[in-house]
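Morning, everyone. Please put the model up on the screen, and I will walk you through it.

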Amino acid sequence: METPVQTPENGSPQDDDLPPWLAAALLGLASGDTAAWTDVFAEDAVHEFPFAAPGAPQRLEGRAEIATFVAGLSGRIRFGALTDVRVHEAADGTVVIEAEGHHQDAASGAPFDLRYVWVVTRGADGRITRLRDYMGPRRPRTEED
């Protein structure tokens with residue numbers, strides 16, 4: 001069964017278990033507001049992709065570089081809902097988030113899913129200082145999904 005990509009107009013883009021600061025950033029991203037996503041990052045933040053495919057960036061340094069990368073994604077991906085969210089908060093403030101993302105290819109409209117594990121470190125002001133993004137491979141959505 002095909003699940004439609006959720007937007008602010010047709011539903012929440014995330015599971016209710018997400019921390020409010022992340023839920024708001026993802027809502028902006030799903031509505032096409034990439035600045036809402038990058039605003040949660042510190043000026044000198046690092047976004048790492050330890051399992052990046054060959055040729056894809058493995059490390060983005062600084063909010064400006066992160067913003068440029070995310071802006072480039074908006075022409076390729078329509079971000080949708082996150083489900084199966086699990087949030088683990090460590091005593092040191094590190095947050096680990098597991099989720100299943102349900103998105104669409106911007107050009108074809110074809111739905112696809114991504115599994116995420118994000119390891120997030122935030123500074124004293126609440127902004128992300130480091131995000132380790134363990135993203136699984138893109139999977140087409142099937143009738144069984």
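Which element gives the largest share of the lining of the largest pocket? Strand β6 does, with four residues. Keep in mind that this is a predicted model.

Let's stay with that pocket. About 660 Å³ of space lies in it. Its lining is made of 31 residues. Nearest its centre are F49, L73, I77, L114 and M135. Four elements give two or more residues to this lining: α1 (20-30), α3 (63-73), β6 (111-122) and β7. How do we look for such a space? Rolling a probe the size of a water molecule over the atoms shows where empty space is left.

Now step back to the whole chain. How many helices and strands does the chain have? The secondary structure comes to three helices and eight strands. Read from the N terminus, the order is α-α-β-β-α-β-β-β-β-β-β. The chain has 145 residues, and buried residues make up 39% of them. Next, take contacts between residues at least 6 apart in sequence. Of those, 47% join residues at least 24 apart.

On to charges. Side chains of opposite charge can pair when their charged atoms come close. The count here comes to six salt bridges. Take the one between R63 and E43, at 3.2 Å from N to O. This pair links distant parts of the chain. R63 is in helix α3, E43 is in strand β1 (residues 41-48), and they are 20 residues apart. Is E43 buried or exposed? E43 is exposed, because its relative accessible area is 54%, and the cut-off for exposed is over 50%.

Next pair: R59 and E48. They form a salt bridge, with the closest N and O atoms 2.9 Å apart. R59 lies in strand β2 (residues 59-61) and E48 in strand β1, so this salt bridge ties together parts that are eleven residues apart in sequence. The two partners sit in different accessibility classes, so look at each in turn. R59 counts as partly exposed, at 41% relative accessibility. E48 is buried, because its relative accessible area is 10%, and buried means under 20%.

R59 has another partner. Its side chain also meets that of E61 in a salt bridge, 2.8 Å from N to O. E61 is at 49% relative accessibility, so it counts as partly exposed. Put this together with the wider picture. Which residues are linked in a network of salt bridges? They are E48, R59, E61, R130 and R132.

Now a charged residue without such a partner. Find D133 in strand β7 (residues 128-135). D133 is buried, yet it has no salt bridge. Where is the nearest side chain of opposite charge? That is R132, and it is 10 Å away. A salt bridge needs the atoms within 4 Å. What does the side chain of D133 meet instead? A polar contact of 3.0 Å joins it to the side chain of H47. Then set aside the neighbours within four places in sequence. D133 is in contact with H47, E48, F49, P50, Y116, V117 and W118. Two of those names have come up already. E48 belongs to the salt-bridge network, and F49 is among the residues nearest the pocket centre.

Three quick stops before we finish.

First, T38, in helix α2 (residues 34-38). T38 counts as buried, because its relative accessibility is 5%. Leaving aside neighbours within four places in sequence, T38 is in contact with R63, I66, A67 and V70. You have met R63 before, as the salt-bridge partner of E43.

Second, G93. This residue lies in the loop between β4 (82-89) and β5 (95-105). G93 counts as partly exposed, at 38% relative accessibility. How many residues apart in sequence are G93 and A124? They are 31 apart in sequence, and 9.6 Å apart in space, C-alpha to C-alpha.

Third, D84, in strand β4. Check its backbone. Phi of D84 is near 50 degrees, a positive value in a residue other than glycine.

That is the tour. Over to you for questions.

Definitions and conventions:
Residues numbered from 1 in each chain as written. Predicted model: local features only at pLDDT ≥ 70, side-chain atom pairs only at ≥ 80, totals over all residues. Heavy atoms only, no water. Buried < 20%, exposed > 50% of the residue type's maximum accessible area, 1.4 Å probe, protein only. Lys, Arg positive; Asp, Glu negative; His and termini not counted. Polar contact = N/O pair within 3.5 Å; in protein donor to acceptor, adjacent residues only side chain to side chain. Contact = heavy atoms within 4.5 Å. 1 Å grid on protein atoms, 1.4 Å probe; cavity = no way out; pocket = protein on both sides within 12 Å on 5 of 7 lines; lining within 4 Å. Points joined across faces, edges and corners; volume = space filled by probe spheres on them.
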